[in-house]
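Visitor: Could you take me through one part of this model with some care, and then place it beside its surroundings?

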Amino acid sequence: AQEKHPGLPVVVLGHSMGGLIALDYVVSKGQDGLAALAVSAAAVDTSTAGGVQRKLAPVIGRLAPNLGVLLLGAENVSRDPVVV
């Protein structure tokens with residue numbers, strides 16, 4: 001983005017799981033070069049995961065980054081019954 005649009009501020013924006021990814025990026029890589037970080041409804045609550053899932057998640061995340069390890073019931077997607 002910086003190469004394509006030099007001189008413009010770089011903003012990282014993430015919503016839900018993207019919010020978690022954006023937070024992880026800034027924590028692990030630092031904020032150098034970023035003008036702002038904006039997260040919305042970041043998925044940071046891991047209380048629904050069991051102990052084994054929490055311990056294995058980092059390893060599985062490295063080995064198979066597209067494999068889901070947390071099952072989220074449809075009722076947890078929205079408070080609106082029509083959306084669920």
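Guide: Ala36 has a relative accessible area of 33% and is therefore partly exposed, since that value lies between the 20% under which a residue counts as buried and the 50% over which it counts as exposed; this, like everything that follows, is read from a predicted model. Ala36 belongs to strand E2, which covers residues 36-40, and, leaving aside residues up to four places away in sequence, it touches Val10, Val11 and Val12. Pro9 lies 27 residues from Ala36 along the chain, yet the C-alpha atoms of Ala36 and Pro9 are separated by 8.1 Å.

Strand E2 also brings helix H1 into the picture, for E2 and strand E1 (11-15) are among the elements that cover the buried residues of H1. Those buried residues are Gly19, Ala22 and Val26, and because they fall within an arc of 65° when seen down the axis of H1, they line one face of the helix. An α-helix has 3.6 residues a turn, so residues three or four places apart point the same way. On the other side of H1, Ile21, Val27 and Lys29 are exposed.

The length of H1 can be checked as well: its 13 residues (17-29) should span 18 Å at 1.5 Å a residue, and the end C-alpha atoms are 18 Å apart, which agrees. After H1 comes Gly30, with a positive phi near 90°.

For another alanine, consider Ala57 in helix H2, residues 51-63, which is partly exposed at 29% relative accessibility. Its C-alpha atom is separated by 19 Å from that of Val26, 31 residues away along the chain, and Val26 is one of the buried residues of H1.

Terms used
Residues numbered from 1 in each chain as written. Predicted model: local features only at pLDDT ≥ 70, side-chain atom pairs only at ≥ 80, totals over all residues. Heavy atoms only, no water. Helix = DSSP H or I, 4+ residues; strand = E, 2+ residues; numbered from the N terminus. Buried < 20%, exposed > 50% of the residue type's maximum accessible area, 1.4 Å probe, protein only. Contact = heavy atoms within 4.5 Å. Expected span 1.5 Å × (residues − 1). Arc of directions from axis to C-beta.
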